[in-house]
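User: I'd like a close look at one part of this protein, the metal site. Could you walk me through that, and then through whatever else you can say about the inside?

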Amino acid sequence: MTCSKGEARMTDQQLRLTVTEIVRSTRVTDMHTHLFPPSFGSLQMSGADHVLTYHYLIAEAFRVHTHAYDAFFDLDTKRQAEVIWDSLFVRNSPLSEAACGVLTIAKTLGADLGDLDSLRQTLQAQAGDEYVERVMDAAGVERLVMTNDPLDEREAVHWRGGVKVHPRFHAALRLDRVLNDFAGAVRQLTALGYAVCADLSGQTFDEVRRFLEDWAQVMHPVYLALSVEPTFDFPDDSVRSQLLREAVLPFCAAQRLPLALMIGVRRQVNPQLRDAGDSSGLASLVPIERLCAMYPEQRFLVTVLARENQHALAVTARKFRNLMPFGCWWFVNTGSLVDEITRMRLELLGPTFIPQHSDARVLEHLIYKWHNSRTVIAGVLADQYEALASTGLRVTDDQIQRDVTRLLDNNFWDFVQRG
Ligand code: HDL
Ligand code: ZN
């Protein structure tokens, strides 16, 4: 930081404009999404009807229309999209984050606002690499990380077939199916030739590790990921804890890969809503403290789902340099909460965290999610730089660009590649 002696400092207004422009134009790495490139066939989701049948919007629309759950889900995607359009965009103003986001997508890609036919004509349901790159560029997303489940046969078939992965897409090996329901995974793992037992006997730990090694050879993941319920504890005598201790964490250490923990999800509180049926719960950060303390050489990417846990995560990150807080996940990915969370993280950690990921499931979601996040993050940063400048320190464009690039890109890659 240059201490100014006489050189003109930017006015607050110039400073805010500079911060806004730099945040707007800095390309990001979106380090958690559910997106796939076109080479993964039907797993690649884009187009107006997929944008509209996002489970966020499905849940919101059920509060308006009167379709029975199964009657709605029995409709084809096109008809579901029309029910959602009528519920959230015709009979109501699209005031929610996700509904307004559809209009941000329409505006950015040049569809007529408020016109479903225009949206369907403008967005591409059968996307090729060119359209994918156009949308990523429109969102300012340089690279993104997928969510890859080796036990999801719809996905595994592509990997086994030697699928070519677009160079701007990176893999994350998702462990939910293996670790959160190991008894259920044993049948599948056994059928795949891994000698595992539900009671963890025999060669189970070695075989789970071999499974991870085999898939790491295929996917080349940049991290491993696991979502857990609010009551997640570590260490304890659960099957999951033992698999973490005896297989997953040694594997991460050997491969120098971080483990991402996404904490606080309560799955299927309303099963009738299917993908939209999950909710949130209050978690403790003590298990994360224990993990970071017990494995000081290993790295943990952590996000929490409950608003009330965000401050404890930021404080825990002050205690452990091997903990990287990331994103405003799912139910806290709303303007007011991204502002609150980013502000508390910046105040407690400086620019040493990963402020956001999109969690996008449909390609065009990238556009509204990153538009909204950049707007909020820029406002928070501008306030902090104004406070810094008020001390008399001269803040330069280069310093702001360095900090913003660190937040939106380098913090992630430095952390995952630190190994
Ligand atoms: O577990 C997760 O990765 C979550 O992000 C879920 O996929 C959730 O359904 C979601 O899409 N949240 O945005
Ligand atoms: Zn996700």
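Analyst: Here is the metal site, followed by the cavity, the cysteines and one residue in a helix.

A bit of housekeeping: this is a predicted model, where local features need pLDDT of at least 70, side-chain atom pairs count only at pLDDT 80 or more, and totals for chains, interfaces and linings use all residues. Residues are numbered from 1 along each chain as its sequence is written, chains are lettered from A and ligands numbered from 1 in the order in which they are written, and side-chain values use heavy atoms, with hydrogens and water left out.

So, what holds the zinc ion (ligand 2) on the protein side? Its protein donors are H32 (NE2), H34 (NE2) and D359 (OD), lying 2.0 to 2.1 Å from the ion. Donors here are N, O and S atoms within 2.8 Å of the metal (3.2 Å for Na, K and Ca); water is not among the atoms, so the site may look incomplete. Along the chain, the donor residues follow the spacing H-x1-H-x324-D. H34 sits in the loop between strand 1 (28-30) and helix 2 (48-52), while D359 is in the loop between helix 16 (335-349) and helix 17 (365-389), so this pair ties together parts 325 residues apart in sequence. Helices (H or I, at least four residues) and strands (E, at least two) are DSSP runs, numbered from the N terminus. H34 is buried at 19% relative accessible area, and D359 is buried too, at 6%. Buried means under 20% relative accessible area, exposed over 50%, and partly exposed in between (1.4 Å probe, protein chains only).

Now the cysteines. The disulfide count is zero, a disulfide being a pair of cysteine sulfur atoms within 2.5 Å. For C100, the nearest cysteine sulfur is that of C328, 18 Å away, which is too far for a bond. C100 is partly exposed at 38%, whereas C328 is buried at 0%.

Last, take F211 in helix 12 (residues 204-219). F211 is buried, with 1% relative accessibility. Setting aside neighbours within four places in sequence, F211 is in contact (heavy atoms within 4.5 Å) with P150, L151, V178, L189 and Y194. By comparison, F211 and Q121 are 90 residues apart in sequence and 44 Å apart in space, C-alpha to C-alpha.
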